[in-house]
Amino acid sequence: MAPFRKKPDFKRDRRPASGRKPARAVEPDSAILYGWHTVEAALANPKRRIRTLYATENAAKRLAADRIALRVTPQIVRPDEIARRLGPDAVHNGLLAEADPLDAPDLSELPEQGIVLVLDQITDPHNVGAILRSAAAFGVKALVTTARHSPEATGVLAKSASGALEYVPIVTVQNLARGLSALRERGFLLVGLDSAGDADLAATALRAPLALVLGAEGKGLRQLTRETCDRTARLDLPGAIKSLNVSNAAALALYVATARLAG
């Protein structure tokens with residue numbers, strides 16, 4: 001499913017249920033956030049401005065029961081109204097928010113500590129969202145990606161991230177090789193993950209600040225990206241299948257790198 005497919009807005013309902021307002025069309029620069037964990041995290045983030053919040057009656061009752069602070073009054077809608085906006089496969093849990101995109105920091109603003117993840121043209125929003133979720137779990141300082149060939153931080157990506165968008169800043173660069181060089185100048189060790197890497201990541205000398213660079217499934221790291229890295233490393237697996245989905249590989253690499261840096 002696309003990150004967010006524009007559906008006919010709620011105004012097409014000629015007779016909205018009593019007490020329910022038909023909603024306006026989505027503003028083109030809105031971040032679309034849906035699902036319980038995604039919207040809950042956005043509501044708790046003071047840096048996220050919520051423009052409009054749609055909730056089913058059950059979801060609104062749950063928000064009140066969980067004492068979740070609401071910065072906007074939710075518009076009560078039917079579940080099928082949210083489903084029409086998002087598509088039949090979206091699991092929205094009765095919540096949909098339109099919000100301002102979060103401010104993106106510059107590379108120069110990243111702390112010179114810990115781990116950052118760098119994505120080389122990973123375009124699947126499910127994968128990027130899952131990577132963000134793992135990044136939040138391991139305390140990653142930022143996710144670096146390119147302005148082109150990367151999904152927007154909205155819709156499916158936000159849902160797959162399960163709230164992680166609110167915890168891991170996304171840095172967008174125009175040219176990845178130049179971005180990597182800028183990280184190196186700030187002291188980051190650049191390690192590209194590659195199935196033909198020089199050594200197993202678990203046996204590779206690591207230090208902080210560390211940038212782990214991941215390529216798209218199938219294509220892997222582009223040649224210039226690989227050449228720009230200080231070294232490449234692989235994930236040696238004991239089973240019959242030697243490759244992982246990129247989001248699973250990111251989680252495993254973060255586990256290995258975090259343990260190595262802590263040791």
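In this predicted model, V72 is found in the loop between helix 2 and strand 3. Leaving aside residues up to four places away in sequence, V72 touches I50, R51 and L53. The C-alpha atoms of V72 and I50 are separated by 7.1 Å, although the two residues are 22 residues apart along the chain. I50 belongs in turn to strand 2, which covers residues 50-55, and it stands opposite A99 in strand 4. From this starting point the description can be widened to the sheet around strand 2, and then to the rest of the chain.

Strand 2 and strand 4 (residues 95-99) run antiparallel and are joined by five bridges. They are part of an open sheet of four strands, arranged in the order 1-4-2-3, with mixed pairing. At its edges are strand 1 (31-34) and strand 3 (75-76), each of which pairs on one side only. In general, the strands of a sheet pair through backbone hydrogen bonds, and the pairing may be parallel or antiparallel.

Two helices lie across this sheet. Helix 1, formed by residues 36-44, lies across strand 1, strand 2 and strand 4, and its direction is at about 120° to strand 1. Helix 2, formed by residues 57-65, lies across strand 2, strand 3 and strand 4, at about 115° to strand 2. The loop between helix 2 and strand 3 also holds R67. Phi of R67 is near 55°, a positive value in a residue other than glycine. As a rule, most residues other than glycine have a negative phi. R67 is exposed, because its relative accessible area of 77% is over the 50% cut-off.

The chain also contains a second open sheet. Here seven strands follow the order 7-6-5-10-8-11-9, and the pairing is parallel. Strand 7 (170-173) and strand 9 are the edge strands, each pairing on one side only. Within the sheet, strand 8 (residues 189-193) pairs with strand 11 (residues 231-234) in the parallel sense over three bridges, and L193 stands opposite A233 in strand 11. Strand 9 (residues 199-200) runs parallel to strand 11 and is joined to it by two bridges. A233 appears again in this pairing, as the bridge partner of A199.

Strand 8 also runs parallel to strand 10 (residues 210-215), to which four bridges join it. In that pairing, the bridge partner of G192 is V213 in strand 10. Helix 6 (residues 176-185) packs on the sheet and touches strand 5, strand 6, strand 7, strand 8 and strand 10, its direction making about 165° with that of strand 5. Helix 4 lies across strand 5 (115-120), strand 6 (142-146) and strand 7, running at about 170° to strand 5.

Helix 4 (residues 125-137) also packs against helix 8 (residues 246-262), at an angle of about 15° and with the axes 8 Å apart. The two helices are therefore roughly parallel to each other, since angles under 35 degrees are counted in that class. Helix 4 passes helix 8 in a right-handed crossing. On the helix 4 side, the residues that meet helix 8 are N127, A130, I131, S134 and A135. Their counterparts in helix 8 are V246, S247, A250, A251 and L254.

Two loops that adjoin strands of the seven-stranded sheet have backbone features of their own. P209 lies in the loop between strand 9 and strand 10, and the peptide bond leading to it from A208 is cis, with omega near -5°. In general, most peptide bonds are trans. H149 is found in the loop between strand 6 and helix 5 (155-161), and its phi is near 60°, a positive value in a residue other than glycine. H149 is partly exposed, because its relative accessible area is 40%, which lies between the cut-offs of 20% and 50%.

Finally, the chain may be considered as a whole. It has eight helices and eleven strands. Of its 263 residues, 49% are buried. Its accessible surface comes to about 13000 Å², and 49% of this belongs to carbon and sulfur atoms. Among contacts between residues at least 6 apart in sequence, 77% join residues at least 24 apart.

Note on methods. Residues numbered from 1 in each chain as written. Predicted model: local features only at pLDDT ≥ 70, side-chain atom pairs only at ≥ 80, totals over all residues. Heavy atoms only, no water. Pairing = 2+ DSSP bridges. Contact = heavy atoms within 4.5 Å. Axes fitted to C-alpha atoms, helices over the stretch in contact; angles between N-to-C directions. Buried < 20%, exposed > 50% of the residue type's maximum accessible area, 1.4 Å probe, protein only. Areas by Shrake-Rupley, 256 points an atom, 1.4 Å probe, with all protein chains shown as cover. Parallel < 35°, antiparallel > 145°, perpendicular 65-115°, else oblique. Left-handed = near helix turned anticlockwise from the far one by under 90°.
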